[in-house]
Amino acid sequence: PQRGGYGERSFGERRGGGRPFVAARNSARAPIPVSDKLRRSGLLAGRNSYPLREAVLVMTVLNHPALLADHLDAFAHIEFGSADLESLRAAVVDAVAHDEGQGTSVTQELAAGRFGPLLKRLEAQIEAAGYWPATPAAADADANEAWMQALTLHQRQRTLHRELRDAEAALAVDPSDANFARLIDIQAQLAGPVPRDLVLLT
């Protein structure tokens, strides 16, 4: 008797009793949920994105000049992980220092120059993440509270990451129990819980 080869029948015929598979058309489906982790990853804002926490620290003060006036010194000493944001921060501080009251806001001045494309990317990133306290629509009081929380979290994270690098280096030189315990403690602090309203910025 003749034996059928593997390629003699379609996949649908082999698995479905002779009826080939046909994809359903126009079927209604629920929207796929987007996690906070994906939103803050920057992928939704395009390739040229920055850590959301750092974008928030910059755009909040630009969208709320009163915060810039109150926290200029703190803003001037923020450690950013991007050279672009470091340059933007320096330009903001310089613009404030040389403001002659000509009626042009710092944001307008920067947007009209070479920082225009960067500001648009940061604005798009904030919008994609849905972080409203950093937008112009937020009240100054809400923006101020959110900015201070973001700054505290940012400083804590930067300090812990610096301590983590030091602990890893120390353990490589001296693999003692004490150095190992120190490394584990720092890792636990980095992985620890944060306030619910700051999860998006971790």
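Before looking at pairs within a helix, I note that helices here are DSSP runs of H or I with at least four residues, numbered from the N terminus. The model I am reading is a predicted one.

**Entry 1, a pair inside α6.** I looked up R89 and E86, which both sit in helix α6, three residues apart, about one turn of the helix. The two form a salt bridge whose closest N and O atoms are 2.3 Å apart. I then checked how far each partner is covered: R89 is buried, at a relative accessible area of 9%, whereas E86 counts as partly exposed at 27% relative accessibility.

**Entry 2, the rest of α6.** I find 15 residues in α6 and a reach of 21 Å from its first C-alpha to its last, close to the 21 Å expected at 1.5 Å a residue. Its buried residues are L85, L88, R89, A91, V92 and A95. Because they cover an arc of only 160° around the axis, they are on the same side of α6. I see them packing against α3, α4, α5, α7 and α8, while the face turned away from this buried side carries the exposed residues A83 and A97. At the N-terminal end of α6 I note S82 as a cap, with a side-chain oxygen 3.1 Å from the backbone nitrogen of D84.

**Entry 3, salt bridges between distant parts.** How many salt bridges does a search of the whole structure find? I record five. One of them joins R158 to E79, with the closest N and O atoms 3.5 Å apart; R158 belongs to helix α9 and E79 to the loop between α5 and α6 (83-97), so that I am looking at distant parts of the chain, 79 residues apart.

E79 also forms a salt bridge with R162, again listed with the closest N and O atoms 3.5 Å apart. Since E79 lies in the loop between α5 and α6 and R162 in helix α9, this pair ties together parts that are 83 residues apart in sequence. I checked the exposure of the three residues and found each partly exposed, with relative accessible areas of 28% for R158, 39% for E79 and 34% for R162.

**Entry 4, helix α9.** I traced α9 over residues 140-173, which is 34 residues with a reach of 49 Å from first C-alpha to last, close to the 50 Å expected at 1.5 Å a residue. Among its buried residues I list A143, W147, L151, H154, Q157, L160 and L164. Which helices are included in what covers the buried residues of α9? I find α3 (52-63), α4 (65-70), α5 (72-76) and α10 (177-191) included.

**Entry 5, the nonpolar cores.** I counted 34 residues in the largest nonpolar core, where V58, F75, L88, L110 and L122 have the most contacts inside it. The elements giving two or more residues to this core are α3, α4, α6, α7 (106-111), α8 (116-129) and α9, and α3 gives the most, with eight residues. I followed F75 further: leaving aside neighbours within four places in sequence, F75 is in contact with L57, V58, V61, L68, F80, R89, V92, V93 and W147. Apart from the largest core I find another, of six residues, among them L160, L164, A167 and L171.

Terms used: Residues are numbered from 1 along each chain as its sequence is written. This is a predicted model: local features need pLDDT of at least 70, side-chain atom pairs count only at pLDDT 80 or more; totals for chains, interfaces and linings use all residues. Side-chain values use heavy atoms; hydrogens and water are left out. The expected span of a helix is 1.5 Å times one less than its number of residues. Buried means under 20% relative accessible area, exposed over 50%, partly exposed in between (1.4 Å probe, protein chains only). Contact means heavy atoms within 4.5 Å. A salt bridge is a side-chain nitrogen of Lys or Arg within 4 Å of a carboxyl oxygen of Asp or Glu. A nonpolar core is a set of buried Ala, Val, Leu, Ile, Met, Phe, Trp, Tyr and Cys residues joined through side-chain atoms within 4.5 Å. The arc is that of the directions from the helix axis to the C-beta atoms. A polar contact is a pair of N or O atoms within 3.5 Å; within protein, one must be able to donate a hydrogen and the other to accept it, and residues adjacent in sequence count only if both atoms are side-chain atoms.
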